[in-house]
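Me: Please take a close look at one part of this model, a single backbone site, and then work outward from there. I would like one connected account rather than a list.

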Amino acid sequence: MQRIDKIRNIRDKLNDGRYSLGTWIQIPHPSVAEVIGQSGYDWAAIDMEHGAISVAELPDLFRALELSNTLPLVRVAEGHSKDCKQALDAGAGGIIVPMVESAQQLEKVIDSCCWPPKGTRGVGFSRANLFGKNFSQYTSEAQQPIIVAMIENIKAVDNLQSILKVDGVDAIFIGPYDLSASMGKTADFENPDFLLTVKKIIQTAEAENKPFGIHIVEPKISQLKLRLKEGYRFIAYSVDSVFLRESSEIPKDFK
Ligand code: 3PY
Ligand code: MG
C-alpha cells in the first residue's frame, strides 16, 4: 500500500466506527522497525518525545516500516512547527501531539502540519515526496496527515469540548501516565478520581462523535479486549522496548 492509502485506511476505520490498532517504537534501529512492521499493525508511532530517536534516524526507520502496510506516525517532542515539518518531510503519515491542553494549541500544530491552502507548513522537496519526483501527488497528501491529540493533562479535560471541535483532528488519545501524574496520582490507574476523569473524557468524546484512544503500555491482551469493549478506537498496543523486556526476561523457574 502507498502511504496515502494507509492514511485513508486508518481514517476510514475511525470514521466508520471501526478501530485501528498501532504500536510504539522507541528503539532506534531499522531491524526493530522491520519486525514491528511485519507484525500487522495499522500504524507505528516513532517516539520522539521519550526515548532516544533523532531526526536523522527517521528515514531508515520509515524505510523499514514501508516494507509493510504499517503507516509510520511520529509522536513529536512538543508540536513546534519544526518538529512536525521534519517528521512529515521524512515521510511520516501523521503526527501524534503530546500534552495538548487547548484548542488554540492544537490548531497551531495542525496549521504547521499541512501545506497551503489548508495550513502554513513549508513546502519543499524531501523524502516524503521522493525529493520532488512525486511532488504533484504529494500536494494533496500534504494537506491531510493523520492528526491525533494526546489528552494527558487534567487541564485538557476542562478544555476538551473545544479541543474535540478542532478541524482536522482525527482522534484524541489518552496518555494514562501523564494524565494520572497531572492529577498527583502517577500510574495509580485504579484511583477513583482517575477513573472518573477517564470516564468524563470518553463521554465528552462520544457526545462530539470523535474517536478516542489510549496507549496500553504494558502488553496485556485482557486490557486490549477491555478497551475495545469500552469503545476505544485508536489504540497503541505497547512499545517495542516493553515487548522485548517482557519476553526476554529469564523464566521464573530458571533463575
Ligand atoms: C503517557 O501515558 O503519558 C504516554 O505518553 C503514553 O504514550
Ligand atoms: Mg505522556
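Reply: A residue counts as buried under 20% relative accessible area, as exposed over 50%, and as partly exposed in between. The model is a predicted one, and the site to start from is Met 99, in the loop between strand S4 and helix H5. Met 99 has a relative accessibility of 28%, so this residue is partly exposed. Its phi is near 55 degrees, a positive value in a residue that is not glycine. Most residues other than glycine have a negative phi, and most peptide bonds are trans.

Two other places in the chain go with that remark. Asn 209 also has a positive phi without being glycine, near 60 degrees. Asn 209 sits in the loop between helix H10 (192-207) and strand S7 (212-216). With a relative accessible area of 69%, over the 50% limit, Asn 209 is exposed. The second place concerns omega rather than phi: the peptide bond from Pro 116 to Pro 117 is cis, with omega near 10 degrees. Pro 117 belongs to the loop between H5 and helix H6 (135-141).

Back to the elements that flank Met 99, beginning with S4. Strand S4 (94-97) is preceded by a loop from H4, and Gly 93 is in that loop. Gly 93 has a relative accessible area of 1%, so it is buried. Leaving out residues up to four places away in sequence, Gly 93 touches Arg 3, Ile 7, Leu 71, Pro 72, Leu 73, Pro 145 and Ile 146. Within S4 itself is Ile 96. The relative accessible area of Ile 96 is 0%, which puts this residue in the buried class. With the same sequence neighbours left out, the contacts of Ile 96 include the aromatic residues Trp 24, Trp 43, Phe 173 and Phe 234. Ile 96 also touches Leu 73, Val 74, Arg 75 and Val 76, along with Ala 45, Val 148 and Met 150. From Ile 96 to Cys 84 there are 12 residues along the chain, and their C-alpha atoms are separated by 9.5 Å.

Cys 84 leads to the helices. Two packed helices are described by the angle between their axes and the distance between the axes. For helix H4 (residues 81-90) and helix H5 (residues 103-113), the axes come within 9 Å and cross at roughly 35 degrees. The crossing is right-handed. H4 contributes Ser 81, Cys 84 and Leu 88 to the contact, and H5 contributes Val 109, Ser 112 and Cys 113. By class, that contact of H4 with H5 has four nonpolar residues, two polar ones and no charged ones.

A second helix pair can be set beside this one. Helix H2 (residues 30-37) and helix H3 (residues 58-65) have axes that come within 7 Å and cross at roughly 30 degrees. Angles under 35 degrees count as roughly parallel, so H2 is roughly parallel to H3. H2 also passes H3 in a right-handed crossing. The contact residues are Pro 30, Ala 33, Glu 34, Ile 36 and Gly 37 on H2, and Asp 60, Leu 61, Ala 64 and Leu 65 on H3. They divide into six nonpolar, one polar and two charged.

Leu 61 of H3 is also touched by Ile 27, a residue of the loop between strand S1 (20-25) and H2. The relative accessibility of Ile 27 is 22%, so it is partly exposed. Apart from sequence neighbours up to four places away, the other contacts of Ile 27 are Val 32, Ile 53, Asp 240, Ser 241 and Leu 244.

One last step goes from Gly 93 to the metal. The C-alpha atoms of Gly 93 and Glu 152 are 22 Å apart, with their positions 59 residues apart along the chain. Glu 152 (OE) and Asp 178 (OD) coordinate the magnesium ion (ligand 2), at 2.0 to 2.2 Å. These two residues are 26 apart and join distant parts of the chain: Glu 152 is in the loop between strand S5 (146-151) and helix H7 (154-158), while Asp 178 is in helix H9 (residues 176-182). Glu 152 is buried, at 2% relative accessible area, whereas Asp 178 is partly exposed, at 23%.

Notes. Residues numbered from 1 in each chain as written. Chains lettered and ligands numbered in written order. Predicted model: local features only at pLDDT ≥ 70, side-chain atom pairs only at ≥ 80, totals over all residues. Heavy atoms only, no water. Axes fitted to C-alpha atoms, helices over the stretch in contact; angles between N-to-C directions. Helix = DSSP H or I, 4+ residues; strand = E, 2+ residues; numbered from the N terminus. Parallel < 35°, antiparallel > 145°, perpendicular 65-115°, else oblique. Left-handed = near helix turned anticlockwise from the far one by under 90°. Contact = heavy atoms within 4.5 Å. Nonpolar A, V, L, I, M, F, W, Y, C, P; charged D, E, K, R; others polar. Donors = N, O, S within 2.8 Å, 3.2 Å for Na, K, Ca; no water. Buried < 20%, exposed > 50% of the residue type's maximum accessible area, 1.4 Å probe, protein only.
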